[in-house]
Amino acid sequence: MSQGKFGTRLSWDQLFMKVAETVSERTSCLYHHLGVVLVDDMHRIVSVGYNGPIRGEVNCSEVGCAKIHGDPETGMLKRCRGAHGEINAIINCIQPERLRGSTLYITEFPCFDCMKAMIQVGVKEIVFKNIYRRVVSAEKKELETEAWELALKMNISLYHYDTEKDERIPIRDVPN
């Protein structure tokens with residue numbers, strides 16, 4: 001919170017992370033409740049996105065995860081039917097050129113494929129709340145180090161956001 005002479009208000013980081021958390025409530029993914037907010041250097045929201053199925057596909061919250069529970073008709077395990085929040089935020093952006101130099105506020109650190117997309121559109125910094133762990137099975141998740149390595153190699157500024165302290169913690173190494 002920012003303290004003024006006559007009251008308090010949210011910091012920019014608090015505001016945008018709260019928006020990302022609210023957007024994440026639209027997620028139908030059973031394992032990654034992910035919300036994304038892309039913000040320009042003037043503190044204007046450029047786009048938002050969340051994890052969800054592609055148009056016309058069923059929601060995982062209704063029929064289960066294709067990777068864990070299988071296809072609702074055949075029971076066969078399949079690839080994820082969802083589009084990640086980061087990709088949806090790019091698709092939802094009316095003026096994609098405004099993404100260049102933007103800040104990504106996200107409830108979970110991006111996966112490797114989404115990190116590549118963020119680099120391609122020109123995101124300069126990422127403020128994340130939680131560490132992403134890829135779903136391997138219903139019982140197992142694993143850290144995906146490639147996304148971290150790529151972000152650091154491409155000089156994207158990474159910050160873990162501590163919601164309790166309203167503080168950005170710089171990340172300079174791949175977490176364990």
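A residue is called partly exposed here when its relative accessible area lies between the buried class, under 20%, and the exposed class, over 50%. By that standard K129, with a relative accessible area of 25%, is partly exposed, and this residue of a predicted model is a convenient place to begin.

K129 forms a salt bridge with E21, and the closest N and O atoms of the two are 2.6 Å apart. The pair joins distant parts of the chain, since K129 belongs to strand β8 and E21 to helix α1, which covers residues 12-24, with the two positions 108 residues apart. E21, at 23% relative accessibility, likewise counts as partly exposed. In general, side chains of opposite charge can pair when their charged atoms come close.

The structure holds 9 salt bridges, and R134 takes part in two that can be followed by eye. The side chain of R134 meets that of E142 in a salt bridge of 2.8 Å, N to O, and R134 also forms one with E144, where the closest N and O atoms are 2.7 Å apart. In the pairing with E144, distant parts of the chain are again linked, for R134 sits in strand β9 while E144 lies in the loop between β10 (141-143) and α5, 10 residues away. The surroundings of these partners can be stated as well: R134 is partly exposed because its relative accessibility is 24%, E142 is partly exposed at 29%, and E144 counts as buried because its value is 8%. Elsewhere, D13, E125 and R168 are linked in a network of salt bridges.

From these charged pairs the reader may turn to helix α4, which spans residues 112-121. Its buried residues are C114, M115, A117, M118, I119 and V121, and what covers them includes β3, α3, β7 (103-108), β8 (125-130) and α5 (145-153). M115, placed in helix α4, counts as buried because its relative accessibility is 0%. Leaving aside neighbours within four places in sequence, M115 is in contact with F109, P110, I126, A147, L150, A151 and I156. One of these, L150, is 35 residues from M115 in sequence, yet the two C-alpha atoms are 7.6 Å apart in space. After α4 comes G122, whose phi is positive, near 95°.

Positive phi values also occur at residues that are not glycine. H43 has a phi of about 65° and is placed in the loop between β3 (35-39) and β4, where it is partly exposed, with a relative accessible area of 36%. D166, with a phi near 50°, is found in the loop between β11 (157-162) and β12 (167-171), and it too is partly exposed, at 23%.

The cysteines call for a separate look, given that a disulfide is a covalent bond between the sulfur atoms of two cysteines. A search of the whole structure finds 0 disulfides. For C65 the closest cysteine sulfur is that of C60, and no bond is formed because the distance of 5.5 Å is too far; C65 is itself buried, with a relative accessible area of 9%. C111 is in no disulfide either, the nearest cysteine sulfur being that of C114, 3.7 Å away. With a relative accessible area of 7%, C111 is buried.

C111 leads on to the pockets. The largest pocket has a volume of about 630 Å³, and of the 28 residues that line it, the closest to its centre are K67, C80, H84, C111 and Y132. At least two lining residues come from each of β5 (52-53), β6 (82-83), α3 (85-92), α4 and β9 (133-135), and α4 provides the largest share, 3 residues. By class the lining divides into 16 nonpolar, 6 polar and 6 charged residues.

The second largest pocket has a volume of about 320 Å³. Its lining is made of 13 residues, of which Y50, P53, I54, R55 and N88 lie nearest the centre, and the elements giving two or more residues are β4 (45-50), β5 and α3. Here α3 gives the most, with 3 residues. The lining of this second largest pocket has 5 nonpolar, 6 polar and 2 charged residues. Helix α3 therefore deserves attention in both places, as an element that supplies at least two residues to the lining of the largest pocket and gives the most to that of the second largest.

Key
Residues are numbered from 1 along each chain as its sequence is written. This is a predicted model: local features need pLDDT of at least 70, side-chain atom pairs count only at pLDDT 80 or more; totals for chains, interfaces and linings use all residues. Side-chain values use heavy atoms; hydrogens and water are left out. On a 1 Å grid over the protein atoms alone, a cavity is a set of points where a 1.4 Å probe fits but cannot get out, and a pocket is an open set with protein on both sides within 12 Å along at least five of seven lines; lining residues have an atom within 4 Å of a point. Grid points are joined across faces, edges and corners, and a volume is the space filled by probe spheres set on the points. Helices (H or I, at least four residues) and strands (E, at least two) are DSSP runs, numbered from the N terminus. Ala, Val, Leu, Ile, Met, Phe, Trp, Tyr, Cys and Pro count as nonpolar, Asp, Glu, Lys and Arg as charged, and the others, Gly among them, as polar. Buried means under 20% relative accessible area, exposed over 50%, partly exposed in between (1.4 Å probe, protein chains only). Contact means heavy atoms within 4.5 Å. A disulfide is a pair of cysteine sulfur atoms within 2.5 Å. A salt bridge is a side-chain nitrogen of Lys or Arg within 4 Å of a carboxyl oxygen of Asp or Glu.
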